[in-house]
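Open the model in your viewer and keep the sequence panel visible. The tour goes from the whole chain to one annotated span.

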Amino acid sequence: MSQVKENDTVKVHYTGKLNDGRVFDSSLEREPIEITIGQGMLIPGFENAIIDMKVNEKKTVEITKEDAYGDINEELFHKVANEQLPPEVKPELGMGLTSKSEDGREHQFRVVDIQDDHIVVDGNHPLAGQALTFDLEVIEIK
């Protein structure tokens, strides 16, 4: 029976959990994800965990924050004056905002603090700074 190796395209069902057991994402209610190993489509720890698995094999892996979304980068917190916000935006804690840089790229932020004259937004991935646990099952190796 073949095993997953670099450059294989695989279909995988997964359930991702935080350290407290809360599920943050799962493919069980939809189609499994299809990825090609080694193309950096997913976090390194996820791809590395699939290597050497066989079809129908299941396992649970813990992925360190370094192999997931990394540490929280304090440089990705930004203070934004209220007058810089579009008038229709009424900030709420946890609200997602999008900003375009001068080169046209979009950046995602979350509102993490609201003051009288400004808000603070966080550009880190929401799972940055956290170790993650994944239940994995290889469905197909192409």
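The stops below say what to select and what is there.

This is a predicted model, in which local features need pLDDT of at least 70 and side-chain atom pairs count only at pLDDT 80 or more, while totals for chains, interfaces and linings use all residues. Residues are numbered from 1 along each chain as its sequence is written, and side-chain values use heavy atoms, without hydrogens and water.

**Whole chain, as cartoon.** Select the chain and find one helix and nine strands; these are DSSP runs, with helices being H or I of at least four residues and strands E of at least two, numbered from the N terminus. Starting at the N terminus, the order is β-β-β-α-β-β-β-β-β-β. The radius of gyration, taken over C-alpha atoms, is 19 Å, well over the 14 Å that the globule rule (2.2 Å times the number of residues to the power 0.38) gives for 142 residues, so the chain is more spread out than a compact globule. Now show the C-alpha trace: along its principal axes it spans about 60 × 35 × 30 Å.

**Charged side chains.** Select Lys and Arg, counted as positive, then Asp and Glu, counted as negative; His and the chain ends are not counted. How many of each sign are there? The chain has 15 positive and 29 negative side chains, and the centres of the two sets lie 5 Å apart, with each charge placed at NZ of Lys, CZ of Arg, CG of Asp or CD of Glu.

**Residues 7-101.** Select this span, which an unreviewed UniProt entry annotates as "domain: PPIase FKBP-type"; such annotations may be inferred rather than shown by experiment. The span is 7% helix and 35% strand, and its end C-alpha atoms lie 34 Å apart.
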